[in-house]
Amino acid sequence: QVRLVESGGGLVQAGGSLRLSCGASGSIFRLDAMGWYRQAPGKQRELVASVTNGGSTNYTDSVKGRFTVSRDNAKNMVFLQMNSLKPEDTAVYYCNAEVQERRWTVYRDYWGQGTQVTVSS
């Protein structure tokens with residue numbers, strides 16, 4: 001079993017910053033891509049940013065230039081630095097990781113429990 005635990009959400013005023021952290025633990029042989037998704041009320045879950053184990057990053061257009069995703073491979077952690085936050089960034093943010101639990105097995109997607117980010121205007 002693999003567990004992802006997020007931290008760092010909260011309430012912030014527009015223009016402010018937050019840093020989300022997510023740690024993966026459990027039966028992990030190898031981690032591939034890690035990233036962050038978000039889901040606002042009444043909307044579908046969407047990819048915010050992701051980073052491969054080689055460091056290649058991908059961002060949704062609405063956060064480019066404001067958010068930065070990074071990871072610490074030695075600690076199995078992924079981070080999301082969110083600057084210049086806007087009310088439309090308000091959502092539950094979920095950590096995601098593609099995990100290979102044992103050698104020669106397929107990668108599986110794992111999710112954290114989610115952390116609320118609320119940006120007030």
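Visitor: Where is Asn76 found?

Guide: Asn76 sits in the loop between S7 and S8. Keep in mind as we go that this is a predicted model.

Visitor: What is the phi of Asn76?

Guide: First, the general idea. Most residues other than glycine have a negative phi. In this structure, Asn76 has a phi near 55°, a positive value in a residue that is not glycine. Asn76 is also partly exposed, with a relative accessible area of 23%.

Visitor: And Ser84: where is its place, and what is its phi?

Guide: You will find Ser84 in the loop between S8 and S9. Though not a glycine, Ser84 has a positive phi of about 50°. Its relative accessible area is 40%, so Ser84 counts as partly exposed.

Visitor: Let's turn to the interior. Which residues touch the most other members of the largest nonpolar core?

Guide: Again, the general idea comes first. In soluble globular proteins, nonpolar side chains tend to be buried together. Here the largest nonpolar core has 30 residues, and Trp36, Leu80, Met82 and Tyr93 touch the most other members. Several strands each supply at least two residues of this core, among them S1 (2-7), S3 (18-26), S4 (30-39) and S8 (77-82). S9 gives the most, with five residues.

Visitor: Which residues is Tyr93 in contact with, leaving aside its neighbours within four places in sequence?

Guide: Tyr93 is in contact with Leu20, Trp36, Val48, Phe67, Leu80, Met82 and Val117, and also with Glu6, Tyr37, Arg38, Gly114 and Thr115. Trp36, Leu80 and Met82 will be familiar: with Tyr93, they touch the most other members of the core.

Technical notes
Residues numbered from 1 in each chain as written. Predicted model: local features only at pLDDT ≥ 70, side-chain atom pairs only at ≥ 80, totals over all residues. Heavy atoms only, no water. Core = buried A, V, L, I, M, F, W, Y, C linked by side-chain atoms within 4.5 Å. Buried < 20%, exposed > 50% of the residue type's maximum accessible area, 1.4 Å probe, protein only. Helix = DSSP H or I, 4+ residues; strand = E, 2+ residues; numbered from the N terminus. Contact = heavy atoms within 4.5 Å.
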